[in-house]
Amino acid sequence: MKKLFKGLSILAVVALLAAAVFGCAGGGGKGKIVGIEPGAGIMKATEKAIEDYNLDFELQESSSAAMAASLKKAIDAKEWIVVTGWTPHWKFAKWDLKYLEDPKGVYGGEEHIATIARKGLKEDNPVAYEMLDNFYWAPADMEAVMLDIQNGMTPDEAAQKWIKENQDKVNEWIPKGKETGNSGKVTLGYVEWDSEIASTHVVKNVLENMGFEVEPVAVDAGVMWTGIGKGDFDAIVSAWLPGTHADYYDKVKDQVDNLGPNLEGAKIGLVVPTYVTINSIEELNEVKDKFK
Ligand code: PBE
């Protein structure tokens, strides 16, 4: 019995070693793309990219924070990594990164981020509605808030700092004569993507400074979209259009009020550190062993 047991454990150790060797050293397995939360538009686009470019890669589900941590780890070790990335994002200020070219246009062209209100908000809360309608800023604004959060501020602290430094811009969003003394509650649905944490908290703090009580509700992408369609939230400032959230938007577009872009010049795609020597998604297969 003892002998049999010993034999089995040796077998197990050999099997484990073999798995470790083949798992790490490649051995012909698929390359890896580090993704974010399932439900993000960029995840769907990446599945399509894998198909359209015939990539021998698998897309790893993760979270926005874990994706950034993997990126940091790889860059510290100067290893190759490819992630699902987007602009605006603080990672471009922190590290030297580049988008891989996408000659098939799977990731679409230039995106904007739109504000969407529930039907009826205009009548129920015209002042908050007008502020939301006027909310418009630039990628550099959003990046400044994101970077402060990344460097340790809470989203509310970073938002208040940005508001203080950009009061002229903020004043243009606030309906004249309605700067203070408002009351009532506003709920904002959002997903905890770094870009949307920043925008949602800036809007939250502007509305709070005006006197409203604001509840930001963090959900996943599917719930954010069905929720705004059903009127569970008063508004979202996180609609990536025309491409990234096209499927979600098409399902609810007749039930919501699209207030138009709050930011222009957004983009999604596959992102690598600049020391990665390939430039296009089409070259990924040739170097897939470097992305394990
Ligand atoms: N993102 C950030 C989201 C939209 C905002 C690019 C990760 C997405 O892919 O759905």
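Domain bounds, as used here, come from an automatic or database domain assignment. The structure examined is a predicted model, and on this assignment the protein is divided into domain 1, covering 2–108 + 270–290, and domain 2, covering 111–265. Between the C-alpha centres of domain 1 and domain 2 the separation is 32 Å.

The interface of the two domains was considered next. Contact across this interface involves 15 residues of domain 1 and 18 residues of domain 2. The size of an interface is often given as the accessible area lost when the parts come together. For domain 1 and domain 2, the buried area is about 1,400 Å², and carbon and sulfur atoms give 60% of this area. On the side of domain 1, Trp86, Pro88 and Trp90 together supply 41% of the area buried against domain 2, more than any other three residues. One of these residues, proline 88, follows a cis peptide bond: the bond from threonine 87 to proline 88 has an omega near 5°. Proline 88 belongs to the loop between strand 3 (83–87) and helix 4 (91–94).

A single salt bridge is found by the rule across the interface of domain 1 and domain 2. Lysine 44 and aspartate 247 form a salt bridge in which the closest N and O atoms are 3.2 Å apart.

Open spaces at the protein surface were then examined, beginning with a pocket to which both domains contribute. The second largest pocket holds about 240 Å³ of space. Its lining comprises 15 residues, and those nearest the centre of the pocket are Gly41, Lys44, Ala45, Gly243 and Thr244. Two elements, helix 2 and helix 12 (246–252), each give two or more residues to this lining. Helix 2 provides the largest share, with four residues. At least three residues of the lining come from each of domain 1 and domain 2. By residue class, the lining of the second largest pocket consists of six nonpolar, five polar and four charged residues. Lys44 thus appears both among the residues nearest the centre of this pocket and in the salt bridge with aspartate 247.

The largest pocket contains about 300 Å³ of space. Of the 14 residues in its lining, Lys32, Ala74, Glu79, Ile81 and Lys292 lie nearest the centre. Strand 1 (31–34) and helix 3 (64–76) are the elements that give two or more residues to the lining of the largest pocket. Helix 3 gives the most, with three residues. The lining of the largest pocket divides into seven nonpolar, two polar and five charged residues.

Enclosed space was also assessed. Over the whole structure, the search finds one cavity of 30 Å³ or more. About 100 Å³ of space lies in the largest cavity. The lining of the largest cavity is formed by Ile36, Ala40, Gly41, Ile42, Trp86, Trp193, Ser195, Glu196, Trp240, Thr244, His245 and Ile268. Among the elements, helix 2 (41–52) and helix 10 (194–209) give two or more residues to this lining. Seven residues of the cavity lining are nonpolar, four are polar and one is charged. Each of domain 1 and domain 2 supplies at least three residues to the lining of the largest cavity. Certain residues recur in these descriptions. Gly41 and Thr244 line the largest cavity, and Gly41 and Thr244 are also among the residues nearest the centre of the second largest pocket. Trp86, another residue of the cavity lining, is one of the three residues that supply 41% of the area buried by domain 1 against domain 2.

Several local features of the backbone and side chains complete the description. A cis peptide bond, with omega near 5°, joins leucine 241 to proline 242. Proline 242 is situated in the loop between strand 8 (235–241) and helix 12. Asparagine 54 shows a positive phi of about 55°, although this residue is not a glycine. The loop between helix 2 and strand 2 contains asparagine 54.

In total, the structure holds 15 salt bridges. One of them pairs the side chains of lysine 30 and aspartate 56, with an N to O distance of 3.3 Å. Aspartate 56 lies in the loop between helix 2 and strand 2 (57–60), while lysine 30 lies in the loop between helix 1 (2–24) and strand 1; the pair therefore ties together parts that are 26 residues apart in sequence.

Note on methods: Residues are numbered from 1 along each chain as its sequence is written. This is a predicted model: local features need pLDDT of at least 70, side-chain atom pairs count only at pLDDT 80 or more; totals for chains, interfaces and linings use all residues. Side-chain values use heavy atoms; hydrogens and water are left out. On a 1 Å grid over the protein atoms alone, a cavity is a set of points where a 1.4 Å probe fits but cannot get out, and a pocket is an open set with protein on both sides within 12 Å along at least five of seven lines; lining residues have an atom within 4 Å of a point. Grid points are joined across faces, edges and corners, and a volume is the space filled by probe spheres set on the points. Ala, Val, Leu, Ile, Met, Phe, Trp, Tyr, Cys and Pro count as nonpolar, Asp, Glu, Lys and Arg as charged, and the others, Gly among them, as polar. Contact means heavy atoms within 4.5 Å. Buried area is the accessible area (1.4 Å probe) that two parts lose on being put together, summed over both. A salt bridge is a side-chain nitrogen of Lys or Arg within 4 Å of a carboxyl oxygen of Asp or Glu.
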